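User: Please take a close look at the salt bridges of this structure, and set out where the partners lie and how far they are exposed.

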Amino acid sequence: EKIINISEDKVNTIIIEDKIYYRNFVEELLNQSLGHSCNFIVSQDGKELNFENNVHIITDIFNLNPNNKKVSQKILSSLYKLSCEDYYEVDKLKANIVKYMIDLSYESDLDITFEDDIDTMALLKMVNFKINNEEQDLANKLIVYLKSMFTLADYKLIITLNLNNYFTNEELENIYEYVLLNKIKMININYNCNEVGIIKNEQLHIIDKDYCEI
């Protein structure tokens, strides 16, 4: 049994040297994230959290979409609250839309009518607001994704796989700095890194081929 305390000043990195153990470890994590009963426990302030609802595992670093359903709903909710505070501009916009629709219907040869009670939320949904992560390098795309999953999708813990294979130590330091600055809880799991260097703000755990932590 191994307990990893996630602090606000370090990012935990686990390096597993045995391939089969690594594979089984990750497979069990993924199964538990899908709701299956496994051996991992995540707790906060002494209270056990539902793993499926609170832990997000990044398996494909090259396919990061920060605009899942939970994120889209949170964006719309936050924008709707802002629109309620700016109700004068919203009402003016709705009035202009209704006026245009009236003018458009008059120009038609058909006898048509339309709903003139425009719902603000429906209006917001029309334009498809989303997090922008285009035209960024991979490290910045990951940063945007981490923030989106933690602050908007409300995951309490993000688990990444093999970041050391894709990023330099300098890039990892920048990612870790952002993670800690924004109080994002993250664990990075790697298989058998050939070059284990000292990375700023990283707490390293190495599990050797005898399944012992070095």
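Analyst: The salt bridges are described below, followed by a charged patch and a buried residue.

This is a predicted model, in which local features need pLDDT of at least 70 and side-chain atom pairs count only at pLDDT 80 or more, whereas totals for chains, interfaces and linings use all residues. Residues are numbered from 1 along each chain as its sequence is written, and side-chain values use heavy atoms, with hydrogens and water left out.

A salt bridge is taken as a side-chain nitrogen of Lys or Arg within 4 Å of a carboxyl oxygen of Asp or Glu; by this rule there are 3 salt bridges. Aspartate 154 pairs with lysine 74, with 3.0 Å between the closest N and O atoms. This pair links distant parts of the chain, 80 residues apart: aspartate 154 is in the loop between helix H6 (138-152) and S5, and lysine 74 is in helix H3 (residues 69-85). Helices (H or I, at least four residues) and strands (E, at least two) are DSSP runs, numbered from the N terminus. Aspartate 154 is partly exposed at 37% relative accessibility, and lysine 74 is partly exposed at 29%. Here buried means under 20% relative accessible area, exposed over 50%, and partly exposed in between (1.4 Å probe, protein chains only).

Helix H4 holds both glutamate 89 and lysine 92, which are 3 residues apart, about one turn of the helix. Their closest N and O atoms are 3.6 Å apart in a salt bridge. Glutamate 89 has a relative accessible area of 36% and is partly exposed; lysine 92, at 39%, is also partly exposed.

Aspartate 103 and lysine 99 form a salt bridge with an N to O distance of 3.1 Å. These two residues are separated by about one helical turn because they lie 4 residues apart in helix H4. Lysine 99 counts as exposed because its relative accessibility is 52%, while aspartate 103, at 33%, is partly exposed.

Turning to unpaired charge, Glu115, Asp116, Asp117 and Asp119 form a negative surface patch. Such patches are made of residues with over 30% relative accessible area and no salt bridge, like charges being joined within 9 Å and nonpolar side chains (Val, Leu, Ile, Met, Phe, Trp, Tyr) within 5 Å. Aspartate 119 sits in the loop between helix H4 (87-107) and helix H5 (120-126), and is partly exposed at 45% relative accessibility.

Phenylalanine 167, in the loop between strand S5 (157-161) and helix H7 (169-181), is buried, with a relative accessible area of 5%.

Definitions and conventions. Accessible areas come from the Shrake-Rupley method with a 1.4 Å probe; for residues, only the protein chains shown count as cover. Lys and Arg count as positive and Asp and Glu as negative; His and the chain ends are not counted. The place of a charge is taken as NZ of Lys, CZ of Arg, CG of Asp or CD of Glu.
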